[in-house]
Amino acid sequence: MDPEKKKRPLAPIFAEEADFIPGDEAFLRSCQEEEERVRTRVFAGVVCEGEDFSHMRFSGVKFRNCHFWSCSFAHGEFTDVLFERCDFSGCDFDGGYMERIVFDSCKGVGAKLTGTVLKHLSLEECHFDDANFDSSRLEHVQIVRTRLNNGNLTACRCRQVSFSGA
């Protein structure tokens with residue numbers, strides 16, 4: 001097996017594009033209230049500020065051009081999720097779980113990811129200055145051309161984490 005391929009995180013697993021159902025802010029709120037897992041949805045252009053989405057679970061979901069400013073996703077679960085051109089500045093993902101996740105051209109200035117499990121995660125061309133990853137578990141994480149100025153990675157458990165690009 002190609003050593004470089006072995007180092008790359010696993011990509012998210014998605015249903016066929018035609019099977020995705022559009023979602024909006026109201027749908028997110030109703031899933032939060034009903035404590036339902038969000039599956040096979042695509043969220044485009046969602047804008048939320050200061051919302052509490054803690055303990056929510058997402059599987060096979062795509063977020064495109066969404067803005068979640070200072071929202072809480074604490075103790076949330078994200079599996080097979082794509083974040084494309086989204087803004088999570090000031091968001092709280094504390095104590096969460098993320099597996100097979102791609103952040104593509106996203107912004108997470110000041111995001112809090114402390115105590116979070118991050119497995120098979122890719123940050124590509126992102127801006128995560130001042131993000132806090134303290135005490136997180138990072139496995140098979142690839143950080144490519146991503147700004148992490150003043151970011152905290154203290155007391156993290158790391159396995160196969162790579163940084164590349166300027």
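How do the residues of the lining of the largest cavity divide into nonpolar, polar and charged? Keep that in mind as you set up the viewer.

This is a predicted model, in which local features need pLDDT of at least 70 and side-chain atom pairs count only at pLDDT 80 or more, while totals for chains, interfaces and linings use all residues. Residues are numbered from 1 along each chain as its sequence is written, and side-chain values use heavy atoms, with hydrogens and water left out.

**Stop 1: the cavity**

Select Leu118, Leu121, Leu123, Phe133, Leu138, Val141, Ile143, Leu148, Leu153 and Phe163, which line the largest cavity. Strand S9 (117-124) and strand S10 (137-144) are the elements that give two or more residues to this lining. Strands here are DSSP runs of E with at least two residues, helices are runs of H or I with at least four, and both are numbered from the N terminus. The lining comes out as ten nonpolar residues, no polar and no charged. For that split, Ala, Val, Leu, Ile, Met, Phe, Trp, Tyr, Cys and Pro count as nonpolar, Asp, Glu, Lys and Arg as charged, and the others, Gly among them, as polar.

A cavity is a set of points on a 1 Å grid over the protein atoms alone where a 1.4 Å probe fits but cannot get out, and lining residues have an atom within 4 Å of a point. Grid points are joined across faces, edges and corners, and a volume is the space filled by probe spheres set on the points. The count is one cavity of 30 Å³ or more, and the largest has a volume of about 50 Å³.

**Stop 2: the phenylalanines of the core**

Next, select Phe58, Phe63, Phe68, Phe73, Phe83 and Phe103. Of the 40 residues in the largest nonpolar core, these touch the most other members. Such a core is a set of buried Ala, Val, Leu, Ile, Met, Phe, Trp, Tyr and Cys residues joined through side-chain atoms within 4.5 Å. Buried means under 20% relative accessible area, exposed over 50%, and partly exposed in between (1.4 Å probe, protein chains only). Among the elements giving two or more residues to this core are helix H2 (25-34), strand S5 (57-64) and strand S8 (97-104).

Centre on Phe63: leaving aside neighbours within four places in sequence, Phe63 is in contact (heavy atoms within 4.5 Å) with Phe43, Phe58, Phe68, Val81, Leu82, Phe83, Glu84 and Cys86.

**Stop 3: the cysteines**

Why is Cys66 not bonded to Cys86? The sulfur of Cys86 is the closest cysteine sulfur to that of Cys66, but at 4.6 Å it is too far for a bond. A disulfide is a pair of cysteine sulfur atoms within 2.5 Å, and the structure holds zero of them. Cys71 is in no disulfide either, with the nearest cysteine sulfur, that of Cys91, 4.9 Å away. Cys66 is buried at 0% relative accessible area, and Cys71 is buried at 2%.

**Stop 4: a histidine and two loops**

Move to His120 in strand S9, which is buried with a relative accessible area of 13%. Beyond neighbours within four places in sequence, the contacts of His120 include Pro9, Glu99, Arg100 and Glu139.

Now pick Gly151, in the loop between S10 and strand S11 (157-164). The C-alpha atoms of Gly151 and Asn132 are separated by 5.7 Å, though 19 residues apart along the chain. In that same loop, Ala155 has a positive phi near 60° and is exposed at 57% relative accessibility.

Notes
1 Å grid on protein atoms, 1.4 Å probe; cavity = no way out; pocket = protein on both sides within 12 Å on 5 of 7 lines; lining within 4 Å.
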